[in-house]
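Subject: Handover of a structure and notes on what was found

Dear colleague,

Please find below the structure that I am handing over to you. I would be grateful if you kept it open while reading the notes that come after it.

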Amino acid sequence: MAAQTENGTVPWKHSLERAITLNRQLEFSKYVQLATVDRNNMPACRTVGYRGMVPDAQDSNRCFLQFFTDCRSDKVDDLKHQAVAEVCWYFPLSRDQFRLRGEVKILSGESGSHGAYEDLRKSAWTQMNETSRQLYEAQTPGTPCPERADHNDLESYEPQPLDADKPSANFVVLLLSPTHVDHLILPPPPVVATNRAQHHESILQPAKKIQRWRHDLNPSSNTWSTKKINP
């Protein structure tokens with residue numbers, strides 16, 4: 001039976017933050033798989049960098065997962081077609097897997113795209129280093145590379161510093177608001193006993209089982225329900 005959570009509570013948030021903390025020593029643990037639907041109604045999946053969790057200023061029962069991208073990328077075109085996505089995120093040290101699905105807000109340079117989140121995109125751009133900012137002024141993602149480039153031109157090229165207070169027109173912040181979260185917890189791998197005493201101790205210990213939880217946001221009541229389900 002599903003358990004209802006109190007208003008203003010996001011039930012999966014603590015579990016995700018805990019997994020992030022336990023795996024923070026792994027550089028690659030901040031990368032997730034983001035799946036969208038393209039204009040041909042075909043699935044599209046790619047790896048993106050997680051940029052933090054942002055509270056929803058308009059709804060205490062929701063929060064956003066934040067990602068940065070280029071407005072010229074395929075994923076933005078996909079999200080303009082269908083503004084939904086799913087993230088799959090595995091943490092190898094704690095052996096947690098999260099699948100988070102929901103609607104996506106696109107914060108771009110287009111007029112009226114920000115609403116209540118006007119300052120969020122500007123703040124993200126200001127805190128970014130110059131090397132990262134330059135990526136948004138590079139050639140259009142997915143277009144063919146030039147066949148040849150003059151070596152002297154490449155050596156003499158020096159990118160001009162970008163205004164830290166004015167985001168590039170190509171810079172986009174994606175905010176995923178999960179409404180369905182699937183949390184799978186795998187047991188730790190078995191430990192090989194090095195002597196007889198350890199072997200007997202391991203036999204007496206209860207086997208840890210796979211656990212799986214599902215969290216769903218009810219659109220009519222705007223409250224979360226949580227239930228334990230079979231793996």
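The notes below move from the whole chain to single strands, helices and residues.

**The chain as a whole**

Please bear in mind that this is a predicted model. The chain's secondary structure consists of six helices and 10 strands. Of its 231 residues, 36% count as buried. If one takes the contacts between residues at least 6 apart in sequence, 70% of them join residues at least 24 apart.

**Strand β8 and its partners**

I suggest that you begin with strand β8, which covers residues 171-185. Because 13 of its 15 residues are buried, β8 is largely enclosed by the rest of the structure.

Which strands pair with β8? Strand β7 (residues 96-107) pairs with β8 in the antiparallel sense over 12 bridges. Within this pairing, Q97 has L184 of β8 as its bridge partner. Strand β5 (residues 63-70) is also antiparallel to β8, with six bridges between the two; here V173 in β8 is the bridge partner of F68. Strand β9 (residues 211-218) likewise pairs with β8 in the antiparallel sense, over six bridges. In that pairing, D182 stands opposite R214 of β9.

**Aromatic pairs around F171**

The structure holds 10 aromatic pairs. One of them joins W125 and F171: the ring centres are 5.3 Å apart and the planes meet at 50°, so the pair counts as tilted. This pair links distant parts of the chain, since W125 belongs to helix α3 (residues 118-127) and F171 to strand β8, 46 residues apart. Are W125 and F171 buried or exposed? Both are buried.

F171 also forms an aromatic pair with Y136, and this one is edge-to-face, with 5.1 Å from centre to centre and 80° between the planes. Y136 lies in the loop between α4 (130-134) and α5 (151-156), whereas F171 is in strand β8, so the pair ties together parts that are 35 residues apart in sequence. Y136, like F171, is buried.

Two further items concern aromatic rings. The charged end of R133 sits over the ring of W125, at 5.9 Å from the ring centre. In addition, Y50, F67, W89, F91 and F98 form one aromatic cluster.

**Helix α2**

Which residues of helix α2 (residues 74-81) are buried? They are K75, V76, D78 and L79. These residues cover an arc of only 155° around the axis, which puts them on the same side of α2. A general point about helices may help here: an α-helix has 3.6 residues a turn, so residues three or four places apart point the same way. The buried residues of α2 are covered by elements that include β2 (31-37), β3 (43-49), β5, β6 (84-91), β7 and β8.

**Cysteines**

How many disulfides are there? The count comes to zero. C45 is in no disulfide, and the nearest cysteine sulfur, that of C88, is 8.0 Å away. That distance is too far for a bond, given that a disulfide requires two cysteine sulfur atoms within 2.5 Å. As for their surroundings, C45 is exposed, with a relative accessible area of 55%, while C88 is partly exposed, with a value of 28%.

**Two residues to look up**

D70 is located in strand β5. With a relative accessible area of 7%, D70 is buried, the cut-off for that term being under 20%. Apart from neighbours within four places in sequence, D70 is in contact with V76, L135, Y136, P141 and N170. D70 and A138 are 68 residues apart in sequence, and their C-alpha atoms are 10.0 Å apart in space.

P92 is found in the loop between β6 and β7. P92 is partly exposed, with a relative accessible area of 31%. Which residues does P92 contact, once its neighbours within four places in sequence are left aside? They are N23, L26 and F28. P92 and L26 are 66 residues apart along the chain, and their C-alpha atoms are separated by 9.0 Å.

Yours sincerely,

A colleague

Definitions and conventions:
Residues numbered from 1 in each chain as written. Predicted model: local features only at pLDDT ≥ 70, side-chain atom pairs only at ≥ 80, totals over all residues. Heavy atoms only, no water. Buried < 20%, exposed > 50% of the residue type's maximum accessible area, 1.4 Å probe, protein only. Helix = DSSP H or I, 4+ residues; strand = E, 2+ residues; numbered from the N terminus. Pairing = 2+ DSSP bridges. Phe/Tyr/Trp six-rings, centres within 6.5 Å; stacked < 30°, edge-to-face > 60°. Lys NZ or Arg CZ within 6 Å of the ring centre and 35° of its normal. Arc of directions from axis to C-beta. Contact = heavy atoms within 4.5 Å.
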